[in-house]
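Visitor: I work at the bench and would like a close look at one part of this protein, with a guide to talk me through it. Could we have the picture up before we start?

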Amino acid sequence: MVRRGGSGGYHANDVNMMPTYNPVIAAANLILSHENNYRQNVGKIQASALFLAEKLCKGQQIETSLSCSTAPAEENAAFLEEQRTLLKDIAAANVARNREISWFLRSVKEMSNDATRAASNEDDDNGTTFEKDVPNFALILEQKMEACRNERSAVEVDICDEKYCKEIRSRLGEKEPKKKNGSKKGGRRSASGDETDDDEDLEIMNEQSQANEEMHVKCPITCAIFERPLKSKVCNHTYSTAGLEQMIKCKKYKCPVPGCTNHHLSMQQVEPDVEMEMRVKRFQRRKEQEENKRRRILEEDDEDGAEFDGQGDVKTTVIS
């Protein structure tokens with residue numbers, strides 16, 4: 001051990017006499033402060049997968065486009081099934097990655113707490129600090145990760161039963177299988193809001209592909225198309241950034257979606273809704289295409305140079 005006097009000064013030849021734990025605590029706090037960044041990258045992949053699942057759903061865009069191709073129907077069916085399986089594998093990998101992030105952050109937090117307690121015990125009763133051998137923090141973190149992984153793996157549900165994986169299968173149009181032993185916790189609700197029997201096979205309907213798509217891309221606060229959408233991590237409802245900021249500025253904290261019980265809405269509670277951004281872009285592209293098509297039809301009508309009265313006769317306009 002190397003001794004430092006109670007006066008607080010290091011001797012010139014004591015090169016290694018730096019506080020052992022402070023750098024570790026600082027590094028751990030820095031890692032923990034970037035949690036949103038770690039999860040945001042996973043969230044972007046998850047949003048893209050959900051968006052693609054709708055297109056791969058039976059009877060939807062990709063299947064419809066392939067039906068117009070010259071390839072054999074069996075080949076198209078095999079390709080679609082392969083892509084759907086691949087997408088479900090990606091979803092499972094993302095759930096696993098999210099779990100690893102949680103385990104890692106928990107382990108870093110535990111190590112930071114241990115280092116904080118150890119640092120507080122470095123000073124003896126006389127105010128003199130003794131520098132101990134530097135612990136192998138990388139090994140400690142690895143051991144904590146392994147312990148956390150073993151502990152959580154024993155209690156967490158199977159990855160395929162995670163909510164996100166179920167949502168992917170739902171958007172692909174797949175049925176949820178029956179539960180042989182008991183029903184699922186909490187039950188599921190039908191589109192009308194009534195709870196359904198968990199033992200029934202439920203046909204998953206893709207509501208976002210209906211004709212009322214515009215209603216789903218409008219902010220419940222501004223009643224306009226979403227701009228910079230933010231999603232609540234509590235109630236899962238989405239709002240435009242400007243609308244939410246103005247609402248909170250007016251000291252209104254209840255979620256504006258009818259029936260929602262979230263009465264404590266805040267900017268700290270929301271995160272960017274990447275999936276909604278994709279929906280808005282798709283909706284706007286579709287509207288633009290429809291507008292361009294309508295404009296071309298009008299231009300073609302104008303180029304005819306004549307107006308018909310419905311009887312086949314040309315109507316003439318007399319200018320006085």
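Visitor: How many disulfides does the structure hold? After that, please take me to helix α2 and show me which residues make the contact of α2 with α4.

Guide: Happy to! This is a predicted model, in which local features need pLDDT of at least 70 and side-chain atom pairs count only at pLDDT 80 or more, while totals for chains, interfaces and linings use all residues. Residues are numbered from 1 along each chain as its sequence is written, and side-chain values use heavy atoms, with hydrogens and water left out.

Your first question has a short reply: there are zero disulfides (a disulfide being a pair of cysteine sulfur atoms within 2.5 Å). Among the cysteines, C148 is buried, at 4% relative accessibility, whereas C250 is partly exposed at 44% and C223 is exposed at 55%. Buried here means under 20% relative accessible area, exposed over 50%, and partly exposed in between, with a 1.4 Å probe and protein chains only. C223 sits in the loop between α7 (213–216) and β5 (229–232), and its phi is positive, near 60°, although C223 is not a glycine.

Before we zoom in, here is the setting. The chain has nine helices and nine strands; these are DSSP runs (H or I of at least four residues for helices, E of at least two for strands), numbered from the N terminus. Of its 320 residues, 28% are buried.

Now to α2, which spans residues 35–56 and packs against α4, residues 73–120, at an angle of about 165° with the axes 10 Å apart. Because angles over 145 degrees count as roughly antiparallel and those under 35 as roughly parallel (65 to 115 is roughly perpendicular, the rest oblique), α2 is roughly antiparallel to α4. The axes are lines fitted to C-alpha atoms over the stretch in contact, and angles run from 0 to 180 degrees between N-to-C directions.

Which residues touch? With contact taken as heavy atoms within 4.5 Å, α2 brings E35, Y38, R39, V42, I45, Q46, A49, L52, A53 and L56, and α4 answers with L80, Q83, R84, L87, I90, N94, R97, N98, I101, S102 and L105. By class, that contact has twelve nonpolar, five polar and four charged residues. Ala, Val, Leu, Ile, Met, Phe, Trp, Tyr, Cys and Pro count as nonpolar, Asp, Glu, Lys and Arg as charged, and the others, Gly among them, as polar.

Helix α2 has another neighbour in α6: their axes come within 8 Å and cross at roughly 25°, so the two helices are roughly parallel. In this contact, I45, Q46, A49, L50, A53 and E54 of α2 meet Y164, E167, I168 and R171 of α6. The class count is six nonpolar, one polar and three charged. Helix α6 covers residues 163–171, and its buried residues are Y164, C165, I168, R169, S170 and R171. Just after α6 comes G173, with a positive phi near 85°.

One more residue ties in here: E275, in helix α9 (residues 274–303). E275 is buried, with a relative accessible area of 10%. Beyond its neighbours within four places in sequence, E275 is in contact with A47, L50, E54 and R171. L50 and E54 of α2 and R171 of α6 also belong to the contact of those two helices.
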